[in-house]
Amino acid sequence: MKKLCGFLFAVSLLFSFKAVAIDSGQAESFIKKVTNEGIEQIVNSDVSMAEKDARFEKLFNEYFDLNYIGKFVLGRYWKTSSEKQRAEFINVYCDFNTKTWSKRFDEFKGKSFNFVGTTPSSSEGQIFVNTTVNMDQGEPAKVVWRVKDDGSLKIVDIIIENVSLAITARNEYTAYIKQAPNGVDDLIKDLKQKSK
Amino acid sequence: MKKICALFLMFSLIACATNPNGTKMKASDEESKLEVYNRAMFNFNYQVDKKVLKPIAKGYKAITTQGIRNRVTNFFNNLEEPASAINNLLQGKFADSGQSVARFAVNTTLGLLGTFDVASGWGLDKKQNSFDATMAKYCVPDGPFFVVPILGPATPRYLVGWGADAIADPMDWALFDKQDEDWAVIATYGSTALKYINKRAENMALLDSLEEGSVDFYATIKSAFLQNRQKFQSICAAPVEDSASAASYDFDFEDEED
């Protein structure tokens with residue numbers, strides 16, 4: 001019995017270490033890969049806007065954990081939403097982000113990211129990869145990537161000049177739902193409208 | 001005149017921040033009342049921006065080149081150096097304070113009234129600081145978020161800081177004893193107008209994309225404004241070198257409460 005407990009303890013330790021440890025070098029290489037792909041194959045490339053959107057959607061689905069982010073941004077309303085609402089929200093949230101970000105990423109045309117180290121996160125298996133982008137005027141912009149490792153590396157948040165996109169979306173969506181007569185359904189409807 | 005306005009605003013704000021009856025209202029009541037006011041004022045500002053400021057800024061952008069706008073931005077940034085120097089000094093950052101003074105001297109002369117940032121080329125990087133940060137350093141509470149007519153998002157500490165820094169504006173001091181002359185009045189108001197039009201023009205793409213990507217623009221701006229201020233939290237009574245040790249944007253993704 002004692003042996004079994006010892007074995008289980010060792011196994012649980014192994015798993016907990018797997019969750020806690022996230023290699024800063026690997027996380028940085030991962031973000032380098034994402035930003036290179038984003039800038040070289042999408043922003044700087046001479047392809048049609050439709051092709052850019054398609055490539056961006058692929059990049060977004062491949063490297064971002066949209067389910068994880070989607071659950072977070074609904075805040076307390078995630079718990080009270082039905083399975084159908086959750087699935088619909090995640091779906092429309094992905095479409096909406098692909099659309100807004102493929103446009104926003106265009107602002108990085110001709111620019112490159114400088115990698116300036118990593119910062120640990122208080123969350124298990126997560127780390128911040130710090131980058132700066134030289135702007136045409138003034139100080140370089142500070143862009144931080146929050147990376148999660150649960151088997152594969154995924155981006156869960158981007159922080160631009162101290163402003164987290166996940167927090168901003170959560171604050172915005174929960175404020176919206178609080179005021180909307182039909183709550184989450186109204187939000188889904190509005191996001192669908194804006195994604196067209 | 002600008003100084004008097006700034007001072008008036010500072011005192012009226014301090015008065016606003018305290019409850020005149022001394023009675024305690026429920027925090028949630030106060031918050032929801034403030035939220036109603038904030039949304040109404042935000043909508044007012046949004047309309048003013050849409051109908052007045054944004055069209056002017058668009059026109060300004062059409063008749064100026066990026067190069068000209070960069071010169072204008074540099075000119076106004078240079079006028080903020082004395083405030084940075086004072087605040088660096090107040091926060092015990094003596095070397096940074098000296099650097100702000102040196103930058104102001106170099107850029108005002110060799111940089112043609114600050115329009116060119118010669119000092120950065122010499123390795124004298126900008127050491128921007130504000131009275132808002134000085135108050136944060138000495139742990140003055142930030143107070144609630146509220147929207148100021150025309151000026152936009154603020155907190156009491158932010159606004160007091162803004163007013164105090166405006167007092168250190170060297171252009172106001174240069175024109176201080178010439179307020180009876182028409183050209184000085186035109187220069188004062190003209191420069192203030194140019195400063196905000198230029199700022200609006202330079203932020204056009206960012207604000208447009210923020211608005212396009214949001215379903216509740218007020219909530220987005222409020223969230224972004226307050227998150228940006230989180231950086232001040234860690235500097236309260238902390239040694240200067242420790243100020244960047246913890247990421248202000250770290251949070252628990254598993255947290256379900258908003």
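## Exercises on a predicted two-chain model

S100(B) has a relative accessibility of 1%, so this residue counts as buried. The model is predicted. Each exercise below is followed by a worked solution.

### Exercise 1. The surroundings of S100(B)

Place S100(B) in its helix, then find the side chain with which S100(B) makes a polar contact.

Step 1. Start with the secondary structure. S100(B) sits in helix α5 of chain B, residues 94-109.

Step 2. Check the exposure. The cut-off for buried is under 20% relative accessible area. S100(B) is at 1% and therefore buried.

Step 3. List the neighbours, leaving out residues up to four places away in sequence. S100(B) touches E81(B), S84(B), A85(B), N88(B) and K127(B).

Step 4. Pick out the polar partner. The side chain of S100(B) makes a polar contact with the side chain of N88(B), at 3.3 Å.

### Exercise 2. A salt bridge within one helix

Explain how E62(A) and K58(A) are placed relative to each other in helix α3 of chain A.

Step 1. Confirm the pair. E62(A) and K58(A) form a salt bridge, with their closest N and O atoms 3.5 Å apart. Side chains of opposite charge can pair when their charged atoms come close.

Step 2. Find both residues in the helix. They lie 4 residues apart in α3 (residues 49-63) of chain A, so about one helical turn separates E62(A) from K58(A).

Step 3. Compare exposure. E62(A) is partly exposed, with a relative accessible area of 36%. K58(A) is exposed, at 55%.

Step 4. Set the pair in context. Over all chains, the whole structure holds 20 salt bridges.

### Exercise 3. A salt bridge across the chain

Determine which parts of chain B are linked by R229(B) and D142(B).

Step 1. Take the distance. The side chains of R229(B) and D142(B) meet in a salt bridge at 2.8 Å, N to O.

Step 2. Locate the ends. R229(B) belongs to helix α12 of chain B, while D142(B) is in the loop between α7 (131-137) and β1 (146-148). The two are 87 residues apart, so the pair links distant parts of the chain. R229(B) is buried, at 6% relative accessibility.

Step 3. Look for shared partners. Salt bridges join D132(B), D142(B), R157(B) and R229(B) into one network.

### Exercise 4. K222(B) in helix α12

Describe the position of K222(B) and name its contacts.

Step 1. K222(B) is in helix α12 of chain B.

Step 2. Its relative accessibility is 22%, so K222(B) counts as partly exposed.

Step 3. Compare sequence with space. K222(B) and P153(B) are 69 residues apart in sequence, yet their C-alpha atoms are 7.1 Å apart.

Step 4. Name the contacts, again leaving out residues up to four places away. K222(B) touches E35(B) and F145(B).

### Exercise 5. Where chain B meets chain A

Work out how much area the two chains bury, then identify the salt bridge that joins D250(B) to chain A.

Step 1. Begin with area. The size of an interface is often given as the accessible area lost when the parts come together. Chain B and chain A bury about 3,300 Å² between them, and 49% of that is on carbon and sulfur atoms.

Step 2. Count the residues. Chain B brings 32 residues to the contact and chain A brings 45.

Step 3. Find the salt bridge. There is 1 between the chains. D250(B) pairs with R146(A), with the closest N and O atoms 3.5 Å apart. D250(B) lies in the segment after α12 (217-229) of chain B and R146(A) in strand β3 (residues 141-149) of chain A, so the pair joins two chains.

Step 4. Check the exposure of this pair. D250(B) is partly exposed, at 22% relative accessibility. R146(A) is buried, at 0%.

Step 5. Add the polar contacts. There are 13 residue pairs in polar contact between chain B and chain A, both residues being at pLDDT 80 or more.

Step 6. Assign the chain B side. Helices α3 (66-79), α11 (204-212) and α12 each supply at least two residues of the side that touches chain A. α12(B) gives the most, with 6 residues. By class, this side of chain B has 8 nonpolar, 11 polar and 13 charged residues.

### Exercise 6. The build of chain A

Summarise the fold pattern of chain A and the share of its residues that is buried.

Step 1. Chain A has 8 helices and 5 strands. Along the sequence the pattern is α-α-α-α-α-α-β-β-β-β-β-α-α.

Step 2. Of the 196 residues in chain A, 49% are buried.

Step 3. Consider contacts between residues at least 6 apart in sequence. In chain A, 52% of these join residues at least 24 apart.

Notes:
Residues are numbered from 1 along each chain as its sequence is written. Chains are lettered from A and ligands numbered from 1 in the order in which they are written. This is a predicted model: local features need pLDDT of at least 70, side-chain atom pairs count only at pLDDT 80 or more; totals for chains, interfaces and linings use all residues. Side-chain values use heavy atoms; hydrogens and water are left out. A salt bridge is a side-chain nitrogen of Lys or Arg within 4 Å of a carboxyl oxygen of Asp or Glu. Buried means under 20% relative accessible area, exposed over 50%, partly exposed in between (1.4 Å probe, protein chains only). Contact means heavy atoms within 4.5 Å. Buried area is the accessible area (1.4 Å probe) that two parts lose on being put together, summed over both. A polar contact is a pair of N or O atoms within 3.5 Å; within protein, one must be able to donate a hydrogen and the other to accept it, and residues adjacent in sequence count only if both atoms are side-chain atoms. Ala, Val, Leu, Ile, Met, Phe, Trp, Tyr, Cys and Pro count as nonpolar, Asp, Glu, Lys and Arg as charged, and the others, Gly among them, as polar.
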